[in-house]
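Reader: Could you take me through one part of this model in close detail? I would enjoy a connected account rather than a list.

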Amino acid sequence: MAYTRGNLAVQEKPADKVVRKYRQTTKVVVRRAQLPVQEKMLYLGTVLFCIVIAGIVLWRYAYIYEVNKNIQNMASTTATLQKQITQNDLRKHLLENEVVERATALGYIQPVDTDPIQVSRQKGTSTSSTGTQDSK
């Protein structure tokens, strides 16, 4: 045999080769074990807890935003009212300065007597310190 292996003319033909047109493959399917009900409930509780906390935080931020908005509105209203108060004070001083001029223009005269006005009480209608009326 050693001789025939080197010579191609006398080489033996291989036996019938079986030609496979397809290759059969198998796929291993690994199934995960299902989670127990207690673990599912624990995960659900954790998710719900996170959602509730996020909702509370958002609600507080909305409340803080509303309070800040009200503060800004009050500040602008206060500034507007301060401006009006300043304008009214200026107008008051201008009117106080014009009172004498307008009164003389309308024909009023200033009083010559500078005595204060005295109010006298009638007899029989005086009140005592207890609040009752004395009849004399």
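**A close look at helix H2**

Author: Happy to, and let us start at a bend: H2 has a kink of about 40°, centred on Glu98. Please keep in mind that this is a predicted model. The chain has two helices and zero strands, and H2 takes in residues 37-106. Does its length make sense? What span should the 70 residues of H2 have at 1.5 Å a residue? The expected figure is 104 Å, and the end C-alpha atoms lie 98 Å apart, which agrees. Just after H2 comes Gly107, with a positive phi near 105°.

Now to the stretch that UniProt, in an unreviewed entry, annotates as "transmembrane region": residues 41-62. In the model those residues are 100% helix and 0% strand, with 31 Å between the end C-alpha atoms.

Next, the surface. Phe49, Val52, Ile53, Ile56, Val57, Tyr61, Tyr63, Ile64, Val67 and Ile71 together make a nonpolar surface patch of about 940 Å². In an α-helix, residues three or four places apart point the same way, because there are 3.6 residues a turn. One member of the patch, Tyr63, sits in H2 and counts as partly exposed, because its relative accessibility is 42%.

For the wider setting, 0% of the 136 residues of the chain count as buried. The accessible surface of the chain is about 14700 Å², and carbon and sulfur atoms account for 58% of that area.

Terms used
Residues are numbered from 1 along each chain as its sequence is written. This is a predicted model: local features need pLDDT of at least 70, side-chain atom pairs count only at pLDDT 80 or more; totals for chains, interfaces and linings use all residues. Side-chain values use heavy atoms; hydrogens and water are left out. UniProt positions are given in the numbering used here, feature names are shortened, and annotations may be inferred rather than shown by experiment. Helices (H or I, at least four residues) and strands (E, at least two) are DSSP runs, numbered from the N terminus. Buried means under 20% relative accessible area, exposed over 50%, partly exposed in between (1.4 Å probe, protein chains only). Accessible areas come from the Shrake-Rupley method with a 1.4 Å probe; for residues, only the protein chains shown count as cover. Patches are made of residues with over 30% relative accessible area and no salt bridge: like charges are joined within 9 Å, nonpolar side chains (Val, Leu, Ile, Met, Phe, Trp, Tyr) within 5 Å. A salt bridge is a side-chain nitrogen of Lys or Arg within 4 Å of a carboxyl oxygen of Asp or Glu. The expected span of a helix is 1.5 Å times one less than its number of residues. The bend at a residue is the angle between axes fitted to the seven residues ending there and the seven starting there.
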